[in-house]
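Please open the structure in your viewer and keep the sequence panel beside it, because each stop on this tour begins with a selection.

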Amino acid sequence: MSSNKSAANSKGHVPVLLSEVREQAKEVALELGQVAYGFDGTFGRGGHTKALLNDHPSLRMIAFDQDAEAIQFGQTQFLGDVDCGRLQLIRGNFENLEMARAALAQNGATNFDFMLFDLGVSSPQLDVASRGFSFYNDGPLDMRMDDRTELTAAKIVNEWAEQDLARIFIEHGEVEFPFKVVRAIVQDREKTQFETTQQLAGLIERVDGWTKKGFHPATQYFMALRMEINRETDVVAQMLPKALKLLSPGGRLAVITFHSLEDRIVKNFFRERDAEATFGETVKRKAIQPSDEEVARNPRSRSAKLRVFRRYQDGESKRPKNKYAHLAKTRHLSPPPDYDLADDDLGGDEEETS
Ligand SMILES: C[S@@+](CC[C@H](N)C(=O)[O-])C[C@H]1O[C@@H](n2cnc3c(N)ncnc32)[C@H](O)[C@@H]1O
């Protein structure tokens, strides 16, 4: 099946956890008096950026997207904000936050009061067949968010060794037993190279079959390819420490993830900084998740998790939650006799990322 949806008629992306993100930026405004500079590392269709610009009249936003099409969209649809200098759009990968620092410096500023990263792909990327992300709409096996990079899904599927294919499906896709699919790929590609998304999806359907109603058997395999091609977990891990350094005292860094691996990276990074109790703190211990109403309205939001980190004001610090943390690097050490366990939030929320 071929889709004739084009980028032009598929502008729709419903921003996820929008009111929750707005609320976090409003908290910054309450604390700092305003949100002067904001950063959106994943502009997409600009849904979050637009709301933030509306909410904060003195805000100037710098926004990145590695996808040329997203930047073009912003340049036309946000022309007024671009022209008056409230929005600066930069095509780039958010792992290169040095570019954001340079853009701030051009404005005579050094820090962002609010930073947002809404990870993953946008609806137009998923829905437009020619981008090659979709197993429903037939397109070339591509899946690159940034078409300047070389690695495509076709390259991986046609050229990578069997064990490397298995590894990415297990690591990124969390497919428990990808071996039959991988073997079939390797056998089939001897005869005909894989060129289209439906060729690959068809093979997975044939080998694995439908086990869960409404859940295409290719879902996790496609996600794994996409994550490998766009280095999705690596760039998040690179970005987080750089982003914190760009945050103003009292500023907040908000990250929305859609995948347990990414969420774990963000959660652990924030918790480690939180435990140091010198730079800042996680705003809520548990991830903020969409309401039932939002999931009903926008099913793509169902796996979203928002985590927020607030940088301390100068001179601010807090007593470590576990006052003996420096003595016990591992949790199995017994607390001292006078230690009040109730005071210490040792219980994690591990179930969130299982
Ligand atoms: C989930 S969408 C963001 C949607 C956006 N918040 C909105 O409301 O329209 C993710 C966007 O981030 C971009 N993106 C993903 N990873 C990126 C990265 N490492 N660097 C820059 N852009 C990235 C994608 O190209 C996509 O346009």
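The tour goes from the whole chain to the strands, then to the cores, the ligand and a few single residues.

**Before you select anything**

This is a predicted model, in which local features need pLDDT of at least 70 and side-chain atom pairs count only at pLDDT 80 or more, while totals for chains, interfaces and linings use all residues. Residues are numbered from 1 along each chain as its sequence is written.

**The whole protein**

Show the protein as a cartoon, and you can look for 14 helices and seven strands; helices (H or I, at least four residues) and strands (E, at least two) are DSSP runs, numbered from the N terminus. Of the 354 residues, 40% count as buried, where buried describes a residue with 20 or more other C-beta atoms within 10 Å of its own, exposed one with 12 or fewer, and partly exposed one in between, the C-beta atoms being placed from the backbone. Two residues are in contact if their C-beta atoms, placed from the backbone, lie within 7 Å. Among contacts between residues at least 6 apart in sequence, 70% join residues at least 24 apart.

**Strand β2 and its partners**

Select residues 60–65, which form strand β2, and note that six of its six residues are buried. On one side you find R60, I62 and F64, on the other M61, A63 and D65, and all of these are buried, which leaves both faces of β2 covered.

Now add residues 37–40, strand β1, which runs parallel to β2 and is joined to β2 by four bridges; two strands are said to pair if DSSP finds at least two bridges between them. One such bridge links G38 with M61 in β2. From β1 the chain passes through helix α2 (residues 47–55) to reach β2, and this β-α-β crossover is right-handed, a term for a path from the first strand over the helix to the second that runs clockwise when the strands point away from the viewer.

Next, select residues 87–91, strand β3, which pairs with β2 in the parallel sense over five bridges. There, Q88 in β3 is the bridge partner of I62.

**From β4 to β7**

Select residues 112–118 for strand β4, where seven of the seven residues are buried. Strand β4 pairs with β1 in the parallel sense over three bridges, and L116 in β4 is the bridge partner of D40.

Which residue of β5 stands opposite L116? To find out, select residues 247–257, strand β5, which runs parallel to β4 and is joined to β4 by six bridges. The residue opposite L116 is A254, and V255 in β5 stands opposite F117. In β5, ten of the eleven residues are buried.

Finally, add residues 305–311, strand β7, which pairs with β5 in the antiparallel sense over six bridges; here K305 in β7 is the bridge partner of T257.

**The nonpolar cores**

A nonpolar core is a set of buried Ala, Val, Leu, Ile, Met, Phe, Trp, Tyr and Cys residues joined through C-beta atoms within 7 Å. Select M115, A243, L253, A254 and L306, which touch the most other members of the largest core, a set of 50 residues. If you centre the view on A254 and leave aside neighbours within four places in sequence, the contacts of A254 are V21, Q24, M115, L116, L306 and V308. Apart from this core lies another, of 28 residues, among them L141, F169, V181 and I229.

**Around the ligand**

Select the ligand, which 22 residues surround, the closest being P15, T42, G44, R45 and G47. Both α2 and β2 supply at least two residues each to the shell around the ligand.

**Three single residues**

Select M143, in the loop between α6 (123–127) and α7 (153–159), whose phi is near 70°, a positive value in a residue other than glycine. Is M143 buried or exposed? M143 counts as buried because 26 C-beta neighbours lie inside 10 Å.

R231, in the loop between α11 (219–229) and α12 (232–245), also has a positive phi, near 50°. R231 has 15 C-beta neighbours inside 10 Å and therefore counts as partly exposed.

Last, select L165 in helix α8 (residues 162–171), which is buried, with 24 other C-beta atoms within 10 Å. Not counting residues up to four places away in sequence, L165 touches W160, V182 and I185.

How values were computed
Near = placed C-beta within 6 Å.
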